[in-house]
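Reader: I'm new to this one, and I'd like a close look at a single part of it. Could you walk me through the surroundings of one lysine, and then show me what else is worth a glance?

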Amino acid sequence: MAGFPVLPDEVTPDWLGAILGTQVSSVRWEPIGTGQVGDSVRFHLEGEGVPPTLAGKFPAADAASRGTAVQFGLYRKEVEFYRQAAPLVDVRAPGVHFAVVTEDGAEFCLLFEDLAPARQGDQIAGCGIEDARQAIRQAAAIHAPSWGRADILQAEWVQPPENLGATVSMMYPQAQAIFRERYASSLEPELMDLCDGLAQRAAQYFQRDAEPRCLVHGDFRLDNMLFDVRGGAEPIAILDWQTTTVGNPMNDVGYFLGCGIGQLGLDHEGELLDLYYAEMAQRGVEIDPDRMTRDYSLGILHGVSTAVFSAAFVERTPRGDDNFLSMARGACSLALRHDSLSVL
């Protein structure tokens with residue numbers, strides 16, 4: 001037994017009342033979001049002085065998705081982000097009431113403020129340029145406050161699992177074989193060839209040495225963003241911190257412009273990169289764009305690898321298929337523009 005709720009049905013009025021420090025007379029829930037590695041719900045509460053709704057997140061019901069999350073420590077990372085890192089950076093993330101994970105990382109419970117009404121980002125539908133600008137500003141709000149901070153970069157919880165690079169580079173060709181079999185008739189041949197090329201260079205890509213410069217989100221794309229938060233009172237909030245790690249900021253930026261927003265990123269790449277550098281400078285971190293060119297080219301490949309790996313090792317759904325194709329198409333197109341495999 002975990003000692004705390006690990007399913008929405010296990011959340012009771014008495015438990016919520018103890019967490020909130022007030023009396024809750026009733027609670028019901030409904031599923032929200034499109035995540036495949038964790039299950040998110042909205043709780044509707046009744047009682048004097050209680051918020052009408054809260055959001056909750058729990059382990060995925062699907063065994064394959066849950067197994068992947070545990071293997072790579074995803075649940076622990078998200079819980080510890082809210083406990084330890086969220087107060088130290090400027091990104092707009094949900095406020096959290098309860099954040100607990102078991103020692104083995106298999107069970108967790110997160111209870112957040114509900115940011116509704118808000119517009120859920122949609123990876124498949126895409127977004128407009130103003131949404132993309134808001135997202136880029138949030139990237140800087142993660143990276144700049146954590147830039148070079150030993151208390152963040154050396155924290156135990158955010159370190160990658162031991163031998164992660166070797167493990168992923170061994171698993172990745174298998175993931176690409178599944179990806180090719182599943183999507184060869186749907187993804188343009190030149191883009192699938194790039195996916196194959198990355199699989200052939202898996203050891204080079206996943207085991208390369210990279211200096212940890214700052215905190216990175218790791219899955220910085222539209223499905224993990226809310227826009228027009230609280231009916232427009234705030235422009236954006238960033239969700240789903242399961243892939244948080246330390247690394248190069250260009251992993252988030254290249255990922256977002258490629259797999260995150262697809263054609264919009266191709267059309268507005270220069271403007272959005274300039275905005276990112278300006279936002280970082282305003283926050284006290286001067287970045288030389290020329291120095292970052294190589295890192296940006298490799299950061300784009302993070303979108304390719306995430307699409308391929310996720311497609312192979314999480315629950316398969318019709319929306320998931322559309323989502324992973326959207327991610328791969330955008331990331332591969334941007335990687336071809338920058339000849340990212342040659343940079344690697």
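Author: Here is a walk that starts at K57 and then moves on to some other spots.

A word on the ground rules: this is a predicted model, so local features need pLDDT of at least 70 and side-chain atom pairs count only at pLDDT 80 or more, while totals for chains, interfaces and linings use all residues. Residues are numbered from 1 along each chain as its sequence is written, and side-chain values use heavy atoms, with hydrogens and water left out.

K57 sits in strand β3, which covers residues 53–59. Helices (H or I, at least four residues) and strands (E, at least two) are DSSP runs, numbered from the N terminus. Is K57 buried or exposed? K57 is buried, because its relative accessible area is 3%; buried means under 20%, exposed over 50%, and partly exposed in between, using a 1.4 Å probe and protein chains only.

So who are the neighbours? Contact here means heavy atoms within 4.5 Å. Setting aside residues within four places in sequence, K57 is in contact with G38, D39, S40, E78, F108, C109, L110, F112, D240 and Q242. With D240 there's also a polar contact between the side chains, at 2.5 Å. That term covers a pair of N or O atoms within 3.5 Å; within protein, one must be able to donate a hydrogen and the other to accept it, and residues adjacent in sequence count only if both atoms are side-chain atoms.

Now hop over to that partner. D240 is found in the loop between β9 (234–238) and β10 (245–247). With a relative accessible area of 21%, D240 counts as partly exposed. Its phi is near 55 degrees, a positive value in a residue other than glycine. R230, in helix α9 (residues 229–232), also has phi near 55 degrees, and is not a glycine either. R230 is partly exposed, at 36% relative accessibility.

F112, one of the contacts of K57, belongs to an aromatic cluster with F81, Y82 and W241. Rings of Phe, Tyr and Trp (its six-membered ring) pair if their centres lie within 6.5 Å; planes under 30 degrees apart count as stacked, over 60 as edge-to-face and the rest as tilted. By that rule there are 14 aromatic pairs. One of them, F81 with Y82, is edge-to-face, at 5.3 Å centre to centre and 80 degrees between the planes. Both F81 and Y82 are buried.

The loop between β5 (108–113) and β6 (119–120) holds P117. A cis peptide bond joins A116 to P117, with omega about -10 degrees.

Another stop is Q207, in the loop between α8 (202–206) and β7 (214–216). Q207 is partly exposed, with a relative accessible area of 43%. Beyond its neighbours within four places in sequence, Q207 is in contact with G165, A166, S169 and A202. Its side chain makes a polar contact of 3.0 Å with that of S169. L164 is 43 residues away along the chain from Q207, yet their C-alpha atoms are separated by 8.4 Å.

Last comes E279, in helix α12 (residues 269–282). E279 is buried, because its relative accessible area is 13%. Not counting residues up to four places away in sequence, E279 touches R137 and A140.
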